[in-house]
Each structure stands twice: as structure tokens, then as C-alpha cells.
Amino acid sequence: MKILVLPGDGIGSEIVSQAVRVLEKIQSSPGEIELSHGVLGGAAYDQYGHPYPPETQKQARAADAILLGCVGGPKYDTLPRNVRPEQGLLGIRKDLSLFANLRPAMLYPELAASSSLKPEIVAGLDIMIIRELTGDIYFGQPRGRRTNANGEDEGFDTMHYAKSEVERIARVGFETAMKRNKKLCSVDKANVLDTSILWREVVTEMHKQYPEVELSHMYVDNAAMQLVRAPKQFDVIVTGNIFGDILSDEASMLAGSIGMLPSASLDANKKGLYEPIHGSAPDIAGQNKANPIATILSLAMMMRYTFNRTDLANRIETAVRKVLADGKRTGDIAQKGETVIGTREMGDAIVAAL
Ligand code: NAD
């Protein structure tokens, strides 16, 4: 297993180093896991003057899977947009054609009280949100700024999907649903947007190949509402880039803390970039406060989706469940009165559980 490790910025190196300990622990023989290390985001800008430099690109292309911490930070906020840390993330996703973003939102029963919703609404929640990652209004051309006929400044972007782009993400949606509870909800805005009308047509057509899957369609505004009203109605959600960006963040709050949620971004051959959904948390960086669980669960996804090692994925997830059941809590998931442990101590507990 050739894995490239990119800690990134902020809390990245703290959380990724705990995940690397997990990798070392699950390796059954030396050399089974081959790690390389590189830079992305602000760290790459500092070293090479670009957030996704050719050096990292070469490493990323050679790896089977990539483990990323997180990128960004106030230090880089005033840089021109093309060299901001986030451009490193968009760059690597585009370069490796990582078009499918898988974000589970699940709530461990032990953490039901950390959710902002009532425990009975979220306990046992287990949703998979699949977001298209390389198209839509984030990449559509033309875009830019201009002065209109009235001499007023305006900004504009283009929402765009080609049929083939919808087909490949819809396929990931159907296949994922087949491995779970066979329910797929496609989210769009087909009452307003032409792009969404095409999206809905393509998903409906593909449904013929997956008759066992129960397919539904939902407008994005309704989906946003249903996610907080009755989130357990969902199994797998598939949606475009911008809707998925917003809905997956909303769903993450159902699960209590963004410090708990992993993600995978896959290409057509299951090569993947795995990362926690949270950012670089500059407010707690360098203080041994960050929760490393989202990063460690990202490794479990890596074992499951890229390496087909369900055994190792289950082992990691079981270890995480055990430390939570034992009452181990970082600050973000602790309730009032609970003892808080640090990033390293959480790593110690998970390695011990393994
Ligand atoms: P953030 O996710 O970094 O932080 C939001 C809040 O959650 C903060 O209070 C933070 O302390 C807390 N938090 C985040 N991760 C945590 C963890 N593992 N354990 C405990 N608490 C955690 O979002 P933000 O503050 O909006 O952004 C900070 C920087 O991160 C910005 O530069 C932003 O652009 C970048 N960012 C990067 C990514 C990414 O790398 N994928 C995603 C989002 C934001």
C-alpha cells in the first residue's frame, strides 16, 4: 500500500501523526505499508511558492492513496487567490480526477448528546453523502468580474454539468446504495436550474440499471430542511458540488463534532485522497487539543475503498468505538464534567485499543 502523507497546515501535523501511528500498528509485516511524506497548502507555499507544487504532484500521482490533514490559516489569507492553500486542495482533486467525495455522517450512540439535535432524532444516524467534486459552479466557465452596461461592477459564475459527469457520480451513488440499505436520494434544484433538469434525467435513466435501489429525488432546499427534521430517512444522498458542499457540512453537525467525520475523494479506479472534513483549526493549532478521530476514521475509509481491506477498516472503526465507549473525549466531544484528553492521548488510547 503506497500512501502519501500530507499533513498540511494548522492542526494537520498533530492529527496526521496520530493516524500514522495507527498505520504502523495495523501493518502486519514491515513494508506492507509504504509511506512517503510531502507538503500541500500553506506548507507547500512556504517551501515551494505554490500550494500544489510539481514535487507534490509527482508524489501524489505515484501513490495509491493520500492521507491529508487540512490546509489553510490566517497567515495565508492575504495571498492572491491562485496561491492560497485552498487552491492546493482544488488543484490536487482536479489533477487526480477525484470526482467522487464520500462523506459519512454517523453518530456514535455515546456521543448522541453532542449533537445539536435531540438524541431521539439523531441516535443511530448513518448517512452517506456523495458529492460531485470536480464540476459544477466551482469550476464552470466563464466566470469573473466585469462592469455591466450601467457601469456597475458585477461578479458571475457558471453552473455546468456534462452528461458523462453526472453519469459517473450517479453510478457511485447507486453502487454505494447497493452496499448499504439500497436507498438513494438524488438532490437537485430541477424546479429552477437547467443543469439540475439534466442531472435528474440522467439519474432517472441510470436507475434502470439498478432496479433494486429505491430512488427518490429531492430539491436542495427541502433536503436542507429534511436533514434537520428527520435525518434518519436518508441512506445515501448523491448531489452536485455546491449543494453537496453545503449539505455535507449541515449533516456534519448532526453528528456532534466535525472532529469526528472522515471523507474520501475517489477517482474512477478507487485511488483516493482521504481527509477529515474539518479545516486547519488555527484557534487550537499546536496545543494538543485537536481531535484526531476524523483523520483516523479517514484511514479506515482508505482501507475500505482503495485497498479493499474491510478487515483493517473494521479494526480501526472498532478501536475508535471502544475508546469512545471507554469515555475517552477530546474537548470538542466532551460534555460538561467529562475528563478531557489531548490529541496524543487520544492517539495512545486508539493504538492501545488496536
Ligand atoms: P475549521 O474546521 O478549521 O474550524 C472550525 C471550528 O472547529 C474551530 O473552532 C476549530 O477549533 C474546530 N475544529 C476543527 N477541527 C477540529 C478537530 N479536529 N478537533 C477539535 N476541534 C476542531 O474551520 P474554519 O475555522 O472555518 O477554517 C480554518 C481554516 O481552515 C481556514 O483557513 C479554512 O480555509 C481552512 N479549511 C480547510 C479545509 C480543508 O483543509 N479541507 C476545510 C475547511 C476549512
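User: How many residues of domain 1 are in contact with domain 2?

Analyst: Contact here means heavy atoms within 4.5 Å. In this predicted model, 18 residues of domain 1 are in contact with 19 residues of domain 2.

User: Where do those two domains run along the chain?

Analyst: The domain assignment gives domain 1 two segments, 1–99 + 267–354, and domain 2 covers 103–257. Their C-alpha centres lie 24 Å apart.

User: And what area is buried between domain 1 and domain 2?

Analyst: Buried area is what two parts lose on being put together, summed over both. For this pair that comes to about 1800 Å², with carbon and sulfur atoms giving 63%. On the domain 1 side, Lys 94, Phe 99 and Ile 277 lose the most area to domain 2, and together they make up 35% of what that side buries.

User: What about salt bridges and polar contacts between domain 1 and domain 2?

Analyst: Take them separately. The salt-bridge count between the domains is zero. For polar contacts, there are two residue pairs, both at pLDDT 80 or more.

User: Which helices supply the side of domain 1 that touches domain 2?

Analyst: Helices H4 (85–95), H10 (293–305) and H11 (310–325) each supply at least two residues. H11 has the largest share, with four residues.

User: How do the residues on that side of domain 1 divide into nonpolar, polar and charged?

Analyst: Sort them by residue type, and you get eleven nonpolar, one polar and six charged. Put that next to the zero salt bridges between the domains: six charged residues sit on this side of domain 1, yet none of the contacts with domain 2 counts as a salt bridge.

Note on methods
Residues are numbered from 1 along each chain as its sequence is written. This is a predicted model: local features need pLDDT of at least 70, side-chain atom pairs count only at pLDDT 80 or more; totals for chains, interfaces and linings use all residues. Side-chain values use heavy atoms; hydrogens and water are left out. Domain bounds come from an automatic or database domain assignment. Buried area is the accessible area (1.4 Å probe) that two parts lose on being put together, summed over both. A salt bridge is a side-chain nitrogen of Lys or Arg within 4 Å of a carboxyl oxygen of Asp or Glu. A polar contact is a pair of N or O atoms within 3.5 Å; within protein, one must be able to donate a hydrogen and the other to accept it, and residues adjacent in sequence count only if both atoms are side-chain atoms. Ala, Val, Leu, Ile, Met, Phe, Trp, Tyr, Cys and Pro count as nonpolar, Asp, Glu, Lys and Arg as charged, and the others, Gly among them, as polar.
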